[in-house]
Amino acid sequence: MNIIIAKDYKEMSQVASQMIEDQMTKRPDAVLGLATGGTPLGTYKELINSYKEGRTDYRLLSTINLDEYVGLDPEHHQSYRYFMNQNLFQSINIDKKNTYIPFGKAEELEQECRRYEEVIDTIGPPDLQLLGIGENGHIGFNEPGTSFDSETHIVNLTDSTREANARFFESMEDVPTKAITMGIRSILKSRKIILLASGDRKADAIYQLLHGETDEDFPASSLKSHHDLTLIVDEDAYKKV
Ligand code: GLP
């Protein structure tokens with residue numbers, strides 16, 4: 001594992017966006033695996049700036065997102081499709097049909113999971129996967145206890161994950177109880193993985209990642225078996241290590 005310790009959130013975001021740009025320079029038709037949540041927002045801002053300055057071109061690029069809430073329409077303001085449109089896709093020249101996110105309103109959810117895993121295998125796997133980490137070590141929406149052999153599947157969100165995400169919703173009752181997520185095995189198919197963590201809230205999870213056992217009770221520990229993992233962490237998230 002490569003570890004890069006950034007001074008703060010801004011520097012973490014700049015380092016991550018530079019790595020993504022380098023990947024795009026190497027391969028303009030790269031496939032990027034993208035994440036939602038507060039953590040990658042700064043990275044997306046940096047990518048938008050670099051696009052506006054003419055340093056990047058997304059015409060040939062494809063993206064595959066990690067997860068989506070079950071039951072939310074793509075237009076719903078809390079859906080991850082909406083999040084990606086608002087925070088990245090609408091500000092760059094990517095072709096929307098090359099952006100993949102699970103469809104949370106699918107009638108046959110199991111079938112949607114299989115379809116999505118096929119997307120990962122045919123369009124992907126991502127050349128570079130960007131990841132955040134939950135306070136309980138979840139990646140995507142793979143909660144503690146998820147098998148390391150899992151592919152795209154439906155999950156029941158834990159109360160702690162719903163509480164952590166409630167800040168984006170009007171009330172706790174509005175937070176969906178289920179999601180579709182790429183599995184651990186699906187995520188590990190990526191050629192390169194960047195894991196981002198920022199702030200005090202993530203300090204315990206980063207300590208556990210670096211000092212704890214590899215164990216299904218801590219999903220992020222699965223990443224330690226990957227041959228090309230870079231952890232970009234700011235000083236606050238690294239302070240307990
Ligand atoms: C959600 C997402 C994850 C994300 C996590 C952490 O549960 N499904 O992909 O990594 O939250 O979010 P944040 O970056 O806001 O701390």
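## The three-stranded sheet

In this predicted model, three strands come together as an open sheet whose order is β4-β8-β7, and their pairing is antiparallel. The edges of this sheet are taken by β4 (67-69) and β7 (153-156), and because each of them has a single partner strand, one side of each is left without a neighbour in the sheet. On average, and with direction ignored, neighbouring strands here are turned by 25° against each other.

Between β4 and strand β8, which covers residues 178-181, there are three bridges, and the two strands run antiparallel. Within this pairing, Y69 is the residue that stands opposite A179 in β8. Helix α4, made up of residues 109-122, packs on the sheet and touches both β7 and β8, while its direction makes an angle of about 25° with that of β8.

## The seven-stranded sheet

A second arrangement to look for is an open sheet of seven strands, which follow one another in the order β1-β10-β9-β6-β2-β3-β5 and pair in parallel fashion. Here the edge positions belong to β1 (2-6) and β5 (99-100); each has a single partner strand, and so one side of each is left without a neighbour in the sheet.

Inside this sheet, strand β2 (residues 31-34) is joined by four bridges to strand β3 (residues 62-65), and these two strands run parallel. One pair of facing residues can be named, since G33 stands opposite I64 in β3. As a general point, strands of a sheet pair through backbone hydrogen bonds, and this may happen in either a parallel or an antiparallel manner.

## The annotated domain and the ligand shell

An unreviewed UniProt entry places the feature "domain: Glucosamine/galactosamine-6-phosphate isomerase" at residues 12-227. Over residues 12-227, the chain is 32% helix and 14% strand, and the C-alpha atoms at the two ends are 22 Å apart.

Around the ligand there are 14 residues, of which A35, G37, G38, T39 and G132 come nearest. Sorted by class, the shell around the ligand consists of four nonpolar, nine polar and one charged residues.

## Residues annotated as active site

The UniProt annotation "active site", again from an unreviewed entry, covers D67, N136, H138 and E143. Of these, H138 lies in the loop between β6 (128-131) and β7, and E143 is likewise found in the loop between β6 and β7.

Are these two loop residues buried or exposed? H138 has 24 other C-beta atoms within 10 Å and is therefore buried, and E143 is buried as well, because 21 other C-beta atoms lie within 10 Å of its own; the cut-off for a buried residue is 20 or more. Not counting residues up to four places away in sequence, H138 touches E143, P144, T161 and P219. With neighbours within four places left aside in the same way, E143 is in contact with H138, V155, T158 and T161. T161 thus appears among the contacts of both H138 and E143.

## Q78 in its loop

Q78 is found in the loop that lies between β4 and α3 (80-87). This residue counts as partly exposed, because 15 other C-beta atoms lie within 10 Å, a number between the limit of 12 or fewer for an exposed residue and that of 20 or more for a buried one.

Leaving aside neighbours within four places in sequence, Q78 is in contact with L72, F168 and F169. Q78 and I194, by comparison, are 116 residues apart in sequence, and their C-alpha atoms are 24 Å apart in space.

Conventions: Residues are numbered from 1 along each chain as its sequence is written. This is a predicted model: local features need pLDDT of at least 70, side-chain atom pairs count only at pLDDT 80 or more; totals for chains, interfaces and linings use all residues. Two strands pair if DSSP finds at least two bridges between them. Axes are lines fitted to C-alpha atoms, for helices over the stretch in contact, and angles run from 0 to 180 degrees between N-to-C directions. Two residues are in contact if their C-beta atoms, placed from the backbone, lie within 7 Å. UniProt positions are given in the numbering used here, feature names are shortened, and annotations may be inferred rather than shown by experiment. A residue is near a molecule or strand if its C-beta atom, placed from the backbone, lies within 6 Å of it. Ala, Val, Leu, Ile, Met, Phe, Trp, Tyr, Cys and Pro count as nonpolar, Asp, Glu, Lys and Arg as charged, and the others, Gly among them, as polar.
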